[in-house]
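Welcome! Open the structure in your viewer, keep the selection panel handy, and follow along stop by stop.

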Amino acid sequence: MQKETSLTDNYIQKIYEKWCKAGKKPKLKCVTYGCQANVHDSEKICGLLYKMGYEACESEEEADLIVYNTCCVRENAENRVFGNLGQLKKLKAENKDLKIILCGCMVQQDAIVEKIRKSYPFVDVIFGTFNLHRFPELLYTNIETNSQIIDIWQDAKEIADDLPAMRQHKFKASVNIMHGCDNFCSYCIVPYVRGRERSRPPEAIIKEIEALAADGVVEVTLLGQNVNSYGKGLESNINFADLINKVAKITGLKRIRFLTSHPKDFSDELIAAIKNNSNICKSVHLPLQSGSTAVLDRMNRKYTKESYLALVKSLRDAVSNIAITTDIITGFPYETDEDNEETIDVLKKVRFSGAFTFIYSKRSGTPAAAMDCQIDEETTKRRFDKILNALNPIIYEISQSHIGHTYEVLAEEPSKSDDTLITGRLDDNSLVHFKGDTSLIGQFVTVKITDCKTFYLIGEIIE
Ligand code: 5AD
Ligand code: SF4
């Protein structure tokens, strides 16, 4: 990867010099779709562009370069990209020098690349999830030739993790601990567009986090599609619990989070690590997908309703105040009303403090797309509403239970709706808004919770 990185630096330098000669500070707008992995990739893409001389701007209209970092997990994410690309055609017609970059999961699919080639010739550079480090070279080639550059790899042994990242926040950061996924849940396209599971060596991860901590980062989120299977295929004999125990010892780190946990691989050792390290946050995202064992089987999830509930019990027995959030898919092929009731039963038993709820989206090439009994829209919508009606009162009750209590809160950003308020997070990942000014951002403050809505808390700083 060393050689790759110096090649990358070479093209960064060439583009930087071009802009210096032109005497212009070019502007970039990066739009990210999808999950934390994409958000983190965007930080790296922006980091590369920053080194090329670009600076971020607010709107697409003022940008010299627009990046769409795409997601293909559900069809509506793809439709939004195509809709927005249609809008960009007008901007490109007004400004021939505007560069449009399309990257990420969506373009790992041949049919999508074909559609872009045919119908969106104004897109300048297209690259996938395996060759992010080649972006400077691809952009340089496009600038030199003014032709559409497409470079999609199907695989890569190593992914360049040592790229400069332009972090959204100075005080918190995400760190990839692995790439890809080997689970092949039958509905999911991720294994096809992000490739086989590859864990990063622990030394590289620790070095990266030590550097972040030395740079003032107090919170890290360890990222992987299934962090619980970390370590497979590595030379050193290490698992995720070992890794997180090492990370917890890094000086300066106050909060450690991790995403995403697959219930089938959640070990007792990991539960012990969460219990024994005060800087590992007491919150776990544990996608359920469905509460019906029959549906879970068709989804190829490799756990049952009972084993999921047993895992939650073990977590709560060890760490009584742990907050558990989840993902749920409604309308999976062959799902019945009874299956939906099973999911509602699990929601009531576990009492999730948050959930991402999705309507099943048929992804071509996945085993579920070929299943006979696809569920009609009306039935799915009815079941989906039933899920929300069960879920939201529970989330509200959990929010209410915080009222009157006092917590250490990491102040993160000004509130989006009221700039006299600061938005922060509790250790358990709950959002809280409180009166304060921007000088608090990045600091821990003590906040008493005074009120709540379903999805956030309201509080006041106490001295
Ligand atoms: N349809 C709906 N939701 C999906 N997810 C993944 N694939 C699909 C699909 N085809 C959801 C799962 C996963 C989350 C990231 O996205 O709930 O946990
Ligand atoms: Fe998709 Fe399943 Fe892998 Fe998650 S674990 S990325 S849902 S295949």
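## Stop 1: Tyrosine 54

Select tyrosine 54 and tryptophan 19 together: their side chains make a polar contact with each other at 3.2 Å. Keep in mind throughout the tour that this is a predicted model.

Where along the chain are you? Tyrosine 54 sits in the loop between helix H2 (36-51) and strand S2 (55-56). Now turn on the surface and ask yourself whether tyrosine 54 is buried or exposed. Tyrosine 54 has a relative accessible area of 1%, and the cut-off for buried is under 20%, so tyrosine 54 counts as buried.

Next, show what tyrosine 54 touches: leaving out residues up to four places away in sequence, the list is Ile15, Trp19, Pro26, Lys27, Leu28, Leu49, Leu65 and Leu139. For a sense of scale, draw a line from the C-alpha of tyrosine 54 to the C-alpha of asparagine 429: the two are 33 Å apart in space and 375 residues apart in sequence.

## Stop 2: Aromatic pairs

Now colour the aromatic residues. The count of aromatic pairs comes to 12. Zoom in on tyrosine 11 and tyrosine 140: their ring centres are 5.6 Å apart and their planes meet at 50 degrees, so this pair is tilted. Tyrosine 11 belongs to helix H1 (residues 2-22) and tyrosine 140 to helix H5 (residues 135-145), so the pair ties together parts that lie 129 residues apart in sequence. Both tyrosine 11 and tyrosine 140 are buried.

Move on to phenylalanine 332 and tyrosine 360, an edge-to-face pair with 5.4 Å from centre to centre and 75 degrees between the planes. This pair links distant parts of the chain, 28 residues apart: phenylalanine 332 is in the loop between S13 and helix H12 (337-350), while tyrosine 360 is in the loop between S14 and helix H13 (377-400). Phenylalanine 332 and tyrosine 360 are both buried.

Before leaving, select Phe82, Tyr120 and Phe122, which form one aromatic cluster.

## Stop 3: Ligand 1

Keep tyrosine 360 highlighted, as it is one of the residues surrounding ligand 1. Which other residues surround ligand 1? Select Val73, Arg74, Tyr187, Gln289, Asp327, Ile329, Phe358, Ile359, Ser361 and Arg363 to complete the shell. The shell divides into six nonpolar, two polar and three charged residues. Strand S13 (323-330) and strand S14 (354-359) each supply at least two residues of this shell.

Use the distance tool for three contacts of ligand 1:

- An oxygen atom of ligand 1 lies 2.6 Å from an N or O atom in the side chain of aspartate 327.
- A polar side-chain atom of arginine 74 is 2.9 Å from an oxygen atom of ligand 1.
- A polar backbone atom of tyrosine 187 is 3.0 Å from a nitrogen atom of ligand 1.

How much of ligand 1 does the protein bury? Taken alone, ligand 1 exposes 400 Å², and the protein buries 85% of that.

## Stop 4: Asparagine 228

Finally, select asparagine 228, in the loop between strand S10 (219-223) and helix H8 (240-248). Asparagine 228 is buried, with a relative accessible area of 10%.

What does the side chain of asparagine 228 reach? One partner is the backbone nitrogen of histidine 262, at 3.2 Å. The side chain of asparagine 228 also makes a polar contact with the side chain of serine 261, at 3.2 Å. Residues that asparagine 228 touches, not counting those up to four places away in sequence, include Phe240, Thr260, Asp265, Phe266 and Leu270.

Note on methods:
Residues numbered from 1 in each chain as written. Chains lettered and ligands numbered in written order. Predicted model: local features only at pLDDT ≥ 70, side-chain atom pairs only at ≥ 80, totals over all residues. Heavy atoms only, no water. Near = heavy atom within 4 Å. Polar contact = N/O pair within 3.5 Å; in protein donor to acceptor, adjacent residues only side chain to side chain. Areas by Shrake-Rupley, 256 points an atom, 1.4 Å probe, with all protein chains shown as cover. Helix = DSSP H or I, 4+ residues; strand = E, 2+ residues; numbered from the N terminus. Nonpolar A, V, L, I, M, F, W, Y, C, P; charged D, E, K, R; others polar. Buried < 20%, exposed > 50% of the residue type's maximum accessible area, 1.4 Å probe, protein only. Contact = heavy atoms within 4.5 Å. Phe/Tyr/Trp six-rings, centres within 6.5 Å; stacked < 30°, edge-to-face > 60°.
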